[in-house]
Amino acid sequence: MKQFVRKAKIIGTGSYVPEKIYTNKYLETLVDTNDEWIQKNLGIKERRIASDKEATSDLAWRAGYNAILDAGLTKDDIDLIIIATATPDRLAPSTAAIVQDKLQAYNSVAFDIAAVCSGFLYGMSVASQFIASGVYDNVLVIGADTFSRITDWKRRDCVFFGDGAGATVLSSANVNEGFIAFRLYTDGRGKWNYTVPAGGSEMPCTQETVNNRLHYFQMDGRAVYETGTKVLPKAIFQVLSDTGLKIEDIDLMIPHQPSIAILKETARIINLPFEKVMTNMEKYANTSGGTIPLILDEVKKAGKIKSGSNILFAAVGSGWTYGAAIIKWSMCK
Ligand SMILES: CC(C)(COP(=O)(O)OP(=O)(O)OC[C@H]1O[C@@H](n2cnc3c(N)ncnc32)[C@H](O)[C@@H]1OP(=O)(O)O)[C@@H](O)C(=O)NCCC(=O)NCCS
């Protein structure tokens, strides 16, 4: 097991979702899909949609604010803000700079991380390194996305995603608590299996790209399923091996929320009873960077996490990016 110089733990959580709801029934009026198929295969009933006035930073700062309050800190205590997002407000500046200003957390350095659905896991890992090195004490990590803005509502893969944000505050931990393992992976050979072709430097937006609907995401669903069900178990087995824990030692799994089918198959492969796998895609669908902190906040507020619980995080996303982490939870701030 690797020794951390100074360990990190989560001392506060928060979340925020927009009010507007698109139900599966509503999507039936837009595209050739049906509620029964979506619920059975994806586990989704409805998803939240940002209003015209809400950008990713609006969801993010609210989730971040709630996490700072939950941690018992103030905005001035935050040394670093990391935003995991694939739907930034603008190409420049970073969404983190906008969120820093909205929070008026001017003592902090702020930057974005781009790892799509694995972004929050990457963000917590980076935060932990800054805490381990002693450079920063309190790090706000926010996962926030508004995939409704890159969804083609005329295509039936519009059923997968929703908008939402979650946040955690990480701080230093004693030796018996906090993160005990992180494993992150990237495999760029999968880079086009989930992509937004237009709007970057390779293909700037033009009238033609808009006419061809290239500013919306494109996803190879089968590749996502096949990759997800291979790489999630791989990352999870690795963090179990790193820590010497057995799957029976895991009290709760808080995964990214790609689809109920991917999570059930992953649980079967790693031999974890599905009751231990937390899901909320029923209400929010896949909020990409937002999924893990959003569900963590819900599960914590529902009293399902106890001091000493071993919690397993895992995510897979575009890139491919994937990874897993284990934290020994502590109630002490
Ligand atoms: C998308 C996914 C369900 C498609 O299944 P598939 O077997 O790979 O591909 P197919 O296109 O053959 O679809 C299978 C069936 O589902 C149906 N289907 C696919 N998308 C549908 C939709 N949005 N609504 C209703 N039915 C749908 C197809 O019509 C087909 O039905 P049939 O068997 O009666 O012909 C599956 O690949 C998947 O779950 N992938 C994971 C994607 C994911 O989790 N993405 C989010 C993380 S980035």
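Is Ser-288 buried or exposed? Ser-288 is buried, because 33 other C-beta atoms lie within 10 Å, and 20 or more are enough for that class. This report describes a predicted model.

## Residues with positive phi

Ser-288 sits in the loop between α9 and α10 (291-301). Its phi is near 55 degrees, a positive value in a residue other than glycine.

Asn-271 also has a positive phi, about 65 degrees, although it is not a glycine. Asn-271 belongs to the loop between α8 and α9 (281-284). Asn-271 counts as exposed because it has 10 C-beta neighbours inside 10 Å, and the exposed class takes 12 or fewer. A further positive phi, of about 75 degrees, is found at Gly-244, just after α7.

## Two domains and their contact

The chain is divided into domain 1 (8-175) and domain 2 (180-328). Their centres, taken over C-alpha atoms, are separated by 14 Å. Domain 1 gives 45 residues to the contact, and domain 2 gives 43 residues.

On the side of domain 1 that touches domain 2, the elements giving two or more residues are β1 (8-16), α2 (35-42), β3 (46-49), α5 (119-132), β6 (139-146) and β7 (163-172). The largest share of this side comes from α5, with 7 residues. Sorted by class, this side of domain 1 has 20 nonpolar, 16 polar and 9 charged residues.

## Helix α7

Helix α7 covers residues 221-243, which is 23 residues. From its first C-alpha to its last it reaches 33 Å, close to the 33 Å expected at 1.5 Å a residue. The helix nevertheless bends by about 25 degrees at Gly-228.

Gly-228 is also one of the buried residues of α7. The others in that set are Val-224, Val-231, Leu-232, Ala-235, Ile-236, Val-239 and Leu-240. The elements that cover the buried residues of α7 include the strands β8 (178-186), β9 (194-195), β10 (218-219), β12 (310-317) and β13 (321-328). Helix α8 (260-270) is also part of this cover.

## Surroundings of the ligand

Which of the 18 residues around the ligand come nearest? They are Thr-33, Gly-221, Arg-222, Tyr-225 and Pro-258. The shell around the ligand draws at least three residues from each of domain 1 (8-175) and domain 2 (180-328).

Helices α2, α7 and α8 each supply at least two residues of this shell. Its largest share, 4 residues, comes from α7. By class, the shell residues divide into 10 nonpolar, 6 polar and 2 charged.

## Gly-143 in strand β6

Gly-143 lies in strand β6, one of the elements on the side of domain 1 that touches domain 2. Gly-143 counts as buried because it has 37 C-beta neighbours inside 10 Å, against a threshold of 20 or more.

Leaving aside neighbours within four places in sequence, Gly-143 is in contact with Ala-84, Gly-119, Phe-120, Gly-123, Ala-165, Gly-166, Gly-289, Gly-290, Ile-292 and Pro-293. Gly-143 and Ser-330 are 187 residues apart along the chain, and their C-alpha atoms are separated by 22 Å.

## Cis peptide bonds

Ala-92 and Pro-93 are joined by a cis peptide bond, with omega about 0 degrees. Pro-93 is in the loop between β4 (80-84) and α4 (95-103).

The peptide bond from Gly-319 to Trp-320 is cis as well, and its omega is near -10 degrees. Trp-320 is placed in the loop between β12 and β13. Both of these strands are among the elements that cover the buried residues of α7.

## Lys-306 and the loop before β12

Is Lys-306 buried or exposed? Lys-306 is exposed, because 10 other C-beta atoms lie within 10 Å, and 12 or fewer put a residue in that class. Lys-306 is found in the loop between α10 and β12. Met-331 is 25 residues away from Lys-306 in sequence, and the two are 7.5 Å apart in space, C-alpha to C-alpha.

Notes:
Residues are numbered from 1 along each chain as its sequence is written. This is a predicted model: local features need pLDDT of at least 70, side-chain atom pairs count only at pLDDT 80 or more; totals for chains, interfaces and linings use all residues. The expected span of a helix is 1.5 Å times one less than its number of residues. The bend at a residue is the angle between axes fitted to the seven residues ending there and the seven starting there. Two residues are in contact if their C-beta atoms, placed from the backbone, lie within 7 Å. Domain bounds come from an automatic or database domain assignment. Ala, Val, Leu, Ile, Met, Phe, Trp, Tyr, Cys and Pro count as nonpolar, Asp, Glu, Lys and Arg as charged, and the others, Gly among them, as polar. A residue is near a molecule or strand if its C-beta atom, placed from the backbone, lies within 6 Å of it.
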